Amino acid sequence: MQTTANTFPRLLLNHAKQQPDAPAVREKDLGIWQTWSWAEVAREVREFACGLASLGFKAGDNLAIVGANRPHLYMAVVAAQSLRGVPVPLYQDAVAGEMVFMLEDASIEFVIAEDQEQVDKLLECRETRPAIRHIIYDDPRGLRHYDQPGLVSHEKLCELGRAWDAAHPGFFDQSVAAGEPGDVAVILYTSGTTGRPKGVCQTHASFIAAGRGGVETDKLGPGDNIMSYLPMAWVGDHLFSVAQWLVGGFTLNCPESTETVMNDMREIGPSYYFGPPRTFEGLLTAVSIRMEDAAAPKRWLYARFMALARRVGADILNGAPVGFGDRLMYGIGNLVIYGPLRNVLGMSRIRVAYTAGAAIGPDLFRFYRSIGVNLKQFYGQTETCAYVCLQQDGKVKLQTVGSAAPGIELKIAPDGEVLVRGVSVLKEYYKRPDATAEVLDADGYFHTGDAGVLDAEGHLRIIDRAKDVGRMAAPDGVAAGAMFAPNYIENKLKFFPQIKEAVCFGHERDQVCAFINIDYEAVGNWAERRGLAYGGYVDLAGKPDVLALVADCIAKVNTDLAAEEGMADTQIARFMVLHKELDPDDDELTRTRKVRRGFIAGKYAVLVDALYGGKSEQYIETQVKFEDGRTGVVSATLNIVESKRFAPMKAAA
């Protein structure tokens with residue numbers, strides 16, 4: 001790559017020159033894969049950028065992008081950057097009320113939307129924020145008779161762009177040439193777990209450095225394929241599907257819909273894959289359901305070979321010494337179990353896979369590596385381009401997120417907080433100098449808010465969010481109670497396919513209690529095979545058999561905690577299965593599905609009090625929001641279940 005390719009538009013033009021006919025982007029539409037070459041992407045970006053210029057978009061303006069993973073939306077990112085403007089991706093599942101804040105905060109006048117659903121939300125937003133002057137839409141279906149001012153199709157915009165380009169020769173090239181590495185390349189909003197989301201300003205230099213670090217570590221290039229299916233507003237997608245794509249020159253593949261991702265993956269066979277832990281949890285749940293429905297001989301074979309995989313699979317993947325007999329049996333297992341399983345998951349060609357966005361439970365991590373999927377961890381935040389630590393091949397540890405990535409310095413503050421300095425750290429929060437000063441210290445270190453420790457080899461282990469790490473109440477005669485890391489316990493619980501979400505409480509308490517969300521599909525399948533009738537989520541969640549099933553999962557987690565040094569006191573004492581799923585629309589989760597722990601504790605205070613008050617059941621009514629904006633009430637009497645706990649044990653060597 002030429003040294004002058006130090007902005008994303010220049011990287012794109014480099015690929016268009018060096019590999020013009022190679023596939024840059026694919027999209028499955030109406031069952032057929034459509035392909036854009038690098039030369040075609042560069043041409044469409046040019047048309048889009050000139051079309052924006054014809055509408056008055058200029059350097060310093062922000063372009064909101066709302067929709068699923070679509071080639072034209074990724075091209076819109078580079079088109080805005082080509083004019084020294086800034087793309088601002090927003091979560092496509094956000095309701096209009098949530099979008100208004102970010103549209104206002106980022107002073108948005110121009111928006112590109114995927115389809116009619118997003119256009120409708122934006123028109124609703126414009127009723128309270130008339131500053132939105134232009135709404136460009138990609139998919140014209142259902143919009144034929146819309147005549148609102150400022151509404152223009154992508155096709156029409158490109159037509160305007162071609163005319164503008166012809167009338168202003170050299171304009172586009174001069175705009176791209178004027179771009180600087182220190183220009184803001186994107187504004188990504190934080191998930192807002194503790195308050196209003198903040199716009200994180202990241203430069204071309206930061207994201208290109210982060211992209212190059214990953215590309216060089218894993219030797220990614222034009223021969224690789226990636227499936228782009230996660231929200232464009234998530235920093236992980238921007239790193240993998242924009243920065244690494246434009247640095248490495250591989251091919252993006254956009255699925256037909258979120259429902260077809262698995263089938264589309266099997267067709268494409270990506271060599272490079274990434275996703276947050278919840279995605280890998282969901283895939284494992286789907287496998288578990290299928291195996292429960294399989295014939296008895298298949299279940300026996302699966303159980304036997306998975307036991308072998310848990311014992312030696314990760315060692316084989318790491319290149320560690322393994323006996324001939326185990327290697328032979330693993331080879332047989334690869335033919336009859338592991339290979340077909342990877343194919344079902346769409347991972348038969350995976351060369352490297354990453355998980356990022358939240359801590360992954362070691363059991364879940366071990367499962368994928370044991371079946372031959374080279375799953376590794378990537379650690380970072382929106383403020384660090386999701387780029388702080390990465391795991392290198394042959395140096396993967398289940399309990400850590402790897403060592404400092406190229407160009408990154410790590411240190412642990414006296415209070416245990418992870419501090420980061422280096423190429424990927426944010427430039428600033430948009431229009432928030434006060435918030436910027438809170439997270440960047442005088443030495444240039446970004447304060448992550450995560451608590452962690454560095455081992456002797458420099459590998460970082462994340463314990464939990466620093467604000468969430470607490471202490472159990474100290475027993476009589478003891479100076480301090482056991483450390484309480486709720487996320488660590490919750491990840492252990494979510495390894496079980498029957499448990500979709502968990503929220504643990506225990507700070508300054510004498511015991512740990514938990515809220516549980518069951519996985520409706522997995523538990524529903526389990527119930528149907530046992531002839532257990534139920535009438536929806538609330539009914540299923542309250543069944544005594546289901547409570548016993550969850551209690552068994554918790555007992556297994558408590559067994560693990562009893563064997564871990566310093567964790568025996570954090571075994572779960574009591575739990576209840578909630579009557580509804582925790583939902584971003586109800587403000588209980590962020591759009592990236594992170595638990596809003598404080599909000600949940602306040603909203604369900606009556607349930608928390610019941611858990612710690614010795615009650616056996618508690619009635620509750622909860623208001624919920626539906627997708628169409630309506631509200632309703634869900635009520636239930638929830639049973640509180642005592643968990644089986646164990647005496648502290650010495651961990652096996």
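**Exercise 1. Find the residue that faces Phe505, then work out the sheet around it.**

Phe505 stands opposite Cys513 in S25. Before going on, note that you are looking at a predicted model, where local features need pLDDT of at least 70, side-chain atom pairs count only at pLDDT 80 or more, and totals for chains, interfaces and linings use all residues. Residues are numbered from 1 along each chain as its sequence is written, and side-chain values use heavy atoms, with hydrogens and water left out.

Step 1: look at the strands. Strand S25 covers residues 512-518, and six bridges join S24 to S25 in an antiparallel run. Helices (H or I, at least four residues) and strands (E, at least two) are DSSP runs, numbered from the N terminus. Two strands pair if DSSP finds at least two bridges between them.

Step 2: widen the view. The open sheet has four strands in the order S24-S25-S26-S29, and its pairing is mixed. Strand S24 (499-505) and strand S29 (641-642) each have a single partner strand and stand at the edges, so one side of each is left without a neighbour in the sheet.

Step 3: go back to Cys513. Cys513 is buried, with a relative accessible area of 0%. Here buried means under 20% relative accessible area, exposed over 50%, and partly exposed in between (1.4 Å probe, protein chains only).

**Exercise 2. Decide how many disulfides there are, and check two cysteines.**

Step 1: count. The structure holds zero disulfides, a disulfide being a pair of cysteine sulfur atoms within 2.5 Å.

Step 2: try Cys201. Cys201 is in no disulfide, and its nearest cysteine sulfur, that of Cys385, is 12 Å away. Cys201 counts as buried, at 1% relative accessibility.

Step 3: try Cys513 again. Its sulfur is 9.2 Å from the closest cysteine sulfur, in Cys504, which is too far for a bond.

**Exercise 3. Classify two ring pairs, then find two charges that sit over rings.**

Step 1: get the rule. Rings of Phe, Tyr and Trp (its six-membered ring) pair if their centres lie within 6.5 Å; planes under 30 degrees apart count as stacked, over 60 as edge-to-face and the rest as tilted. There are 24 aromatic pairs in the structure.

Step 2: take Tyr273 and Phe280. Their ring centres are 5.7 Å apart and their planes stand at 90 degrees, so this pair is edge-to-face. Both Tyr273 and Phe280 are buried.

Step 3: take Phe305 and Tyr338. With centres 6.5 Å apart and planes at 85 degrees, this pair is edge-to-face. Phe305 lies in helix H12 (residues 296-318) and Tyr338 in helix H13 (residues 324-344), so the pair ties together parts that are 33 residues apart in sequence. Phe305 is buried at a relative accessible area of 7%, and Tyr338 is buried at 0%.

Step 4: add the charges. A charge sits over a ring if NZ of Lys or CZ of Arg is within 6 Å of the ring centre and within 35 degrees of the ring normal. The charged end of Lys411 sits over the ring of Tyr445, 4.4 Å from its centre. Arg509 lies over the face of Tyr612, at 4.1 Å from the ring centre.

**Exercise 4. Trace two β-α-β units and see how their last strands are covered.**

Step 1: start with S3 (residues 62-66). S3 pairs with S4 in the parallel sense over five bridges, and Asn62 stands opposite Val86 in S4. S3, helix H3 (residues 71-82) and S4 make a right-handed β-α-β unit. A crossover is right-handed if, with the strands pointing away from the viewer, the path from the first strand over the helix to the second runs clockwise.

Step 2: check S4 (residues 86-90). Five of its five residues are buried. Val86, Val88 and Leu90 cover one side, with Pro87 and Pro89 on the other.

Step 3: move to S10 (residues 225-227). S10 runs parallel to S11, joined by three bridges, and the bridge partner of Asn225 in S11 is Thr251. S10, helix H9 (residues 235-248) and S11 make a right-handed β-α-β unit.

Step 4: check S11 (residues 251-254). Thr251 and Asn253 on one side and Leu252 and Cys254 on the other are all buried. Strand S1 (residues 23-29) also runs parallel to S11 over three bridges, with Val25 opposite Leu252.
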